Amino acid sequence: MSILSNIKSILSKPPLPSESTKQMQSKKTILIVEDEKPLADALELKLQENGFNTLKAENGQVGLDTILQKKPDAVILDLMMPIMNGKSMLAKLREYPEFKKLPVLILTNAGDEENIKETKLYLDALDFIIKSNVNLDEIIFKLKSLFNTLYQ
Amino acid sequence: MASHKILIIEDELSLQQALKEKLNMSGFAVITATNGKEGLKKALEEHPQLIILDVLMPKMDGMTMLRELRNDVWGAEVPVIVLTNKNADDEIVTQIVDDQPAYYLIKSDTSLHDIIEKVKSIILAQN
């Protein structure tokens with residue numbers, strides 16, 4: 001069989017259902033960077049219930065190290081944290097070409113609008129969740145629609 | 001423990017939701033509020049067996065709510081678990097322990113599981 005006809009036969013075949021299903025179902029790993037343990041636990045539980053793998057970090061420094069080592073598919077990042085806050089972590093992360101486009105979802109408190117604007121503008125955060133406005137189910141919904149958009 | 005009612009006063013909806021689900025699973029009835037003002041109203045109306053109270057909240061913060069609650073005859077006695085971001089040596093925590101008898105849990109050291117266990121042990125000790 002010539003190379004050309006080989007390519008043609010590959011192109012004419014529809015993708016195997018098992019392959020495409022496998023790709024869609026492959027578990028995405030989400031890193032939760034949050035210093036409030038009960039909230040991190042709550043996010044972890046819900047994400048796992050919804051078929052995600054999870055990693056946790058309790059401050060920006062640990063978060064950054066975890067990203068560099070484990071390369072998660074997306075990050076949920078609290079802005080207000082000790083040792084290294086969310087904004088500093090994101091600024092450092094964006095210096096790595098490999099992680100310029102890593103999807104990051106910010107968690108923050110109401111009244112932090114100035115910080116939000118700056119982070120979104122300069123650090124390419126994906127979206128913001130104000131802790132007092134959004135419940136767990138809505139966070140999961142946001143993540144799922146993000147992955148649908150990215151991997152369609 | 002089916003009849004025991006817990007009031008959660010927490011403005012972070014994710015945490016509020018997770019605590020509610022976990023407490024429901026452990027057989028508690030749960031009512032919720034998202035600020036101190038609403039929390040105080042629900043506490044005085046519904047007389048829960050225990051209150052979980054966040055410190056940092058809009059409208060009325062947790063400490064102001066606790067002070068007002070302790071002025072009430074019923075509210076003076078109800079067990080309160082305060083959730084705080086502060087350290088154990090912080091002024092606000094000393095204040096909780098000294099002036100407003102209550103339990104406190106520091107958010108950076110306490111798991112979701114620890115909170116539920118604390119609720120259970122306090123309720124058990126009451127009965």
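Start with chain A as a whole: of its 152 residues, 43% are buried, where buried means under 20% relative accessible area, exposed over 50% and partly exposed in between, using a 1.4 Å probe and protein chains only. This is a predicted model, in which local features need pLDDT of at least 70 and side-chain atom pairs count only at pLDDT 80 or more, while totals for chains, interfaces and linings use all residues. Residues are numbered from 1 along each chain as its sequence is written, chains are lettered from A and ligands numbered from 1 in the order in which they are written, and side-chain values use heavy atoms, with hydrogens and water left out.

**Stop 1: chain A in overview**

Switch to a cartoon view of chain A and you can pick out seven helices and five strands. Helices (H or I, at least four residues) and strands (E, at least two) are DSSP runs, numbered from the N terminus. Following the sequence, the order is α-α-β-α-β-α-β-α-β-α-β-α.

Now turn on the surface. Chain A has an accessible surface of about 8800 Å², and carbon and sulfur atoms hold 56% of that area; such areas come from the Shrake-Rupley method with a 1.4 Å probe, and for residues only the protein chains shown count as cover. As for contacts (heavy atoms within 4.5 Å), 62% of those in chain A with a separation of 6 or more join residues 24 or more positions apart.

**Stop 2: two positive phi angles**

Select A:Lys71, in the loop between helix H4 (60–70) and strand E3 (74–78) of chain A. A:Lys71 is not a glycine, yet its phi is positive, at about 45°. Its relative accessibility is 43%, so A:Lys71 counts as partly exposed.

Move along to A:Ile83, in the loop between E3 and helix H5 (86–93) of chain A. Here too is a residue that is not a glycine with a positive phi, of about 65°. A:Ile83 counts as exposed because its relative accessibility is 75%.

**Stop 3: A:Leu68**

Step back to helix H4 of chain A and select A:Leu68. With 27% relative accessibility, A:Leu68 counts as partly exposed. Show its surroundings and, beyond the neighbours within four places in sequence, you will find A:Tyr96 and A:Phe99 in contact with A:Leu68. For a distance to draw, try the C-alpha atoms of A:Leu68 and A:Ala40: these residues are 28 apart along the chain, and the separation is 20 Å.

**Stop 4: H3 against H7 in chain A**

Next, select helix H3 (residues 37–49) of chain A together with H7(A); they pack at an angle of about 55° with axes 10 Å apart. Axes are lines fitted to C-alpha atoms, for helices over the stretch in contact, and angles run from 0 to 180 degrees between N-to-C directions. The angle makes H3(A) oblique to H7(A); angles under 35 degrees count as roughly parallel, over 145 as roughly antiparallel, 65 to 115 as roughly perpendicular and the rest as oblique.

The crossing of H3(A) and H7(A) is right-handed, that is, the near helix is turned clockwise from the far one by less than a right angle, with anticlockwise giving left-handed. Show side chains for A:Ala42, A:Leu43, A:Lys46 and A:Leu47 on H3(A), which meet A:Leu136, A:Asp137, A:Ile139, A:Ile140 and A:Leu143 on H7(A). Seven of these contact residues are nonpolar, none polar and two charged. Ala, Val, Leu, Ile, Met, Phe, Trp, Tyr, Cys and Pro count as nonpolar, Asp, Glu, Lys and Arg as charged, and the others, Gly among them, as polar.

**Stop 5: across to chain B**

Keep helix H7 (residues 136–151) of chain A and add H1(B): their axes come within 8 Å and cross at roughly 115°. A:Leu136, A:Asp137 and A:Ile139 of H7(A) touch B:Ser14, B:Gln17 and B:Ala18 of H1(B). This contact has three nonpolar, two polar and one charged residue.

**Stop 6: H1 and H5 of chain B**

Hide chain A and select helix H1 (residues 13–25) and helix H5 (residues 112–126) of chain B, which pack at about 50° with axes 10 Å apart. H1(B) is therefore oblique to H5(B), and their crossing is right-handed. B:Leu15, B:Ala18, B:Leu19, B:Lys22 and B:Leu23 of H1(B) face B:Leu112, B:Ile115, B:Ile116 and B:Val119 of H5(B) in contact. Eight of the residues are nonpolar, none polar and one charged.

**Last stop: B:Leu40**

Finish in helix H2 (residues 36–46) of chain B, at B:Leu40. B:Leu40 counts as buried because its relative accessibility is 11%. Apart from neighbours within four places in sequence, its contacts are B:Met60, B:Met65, B:Glu68 and B:Leu69.
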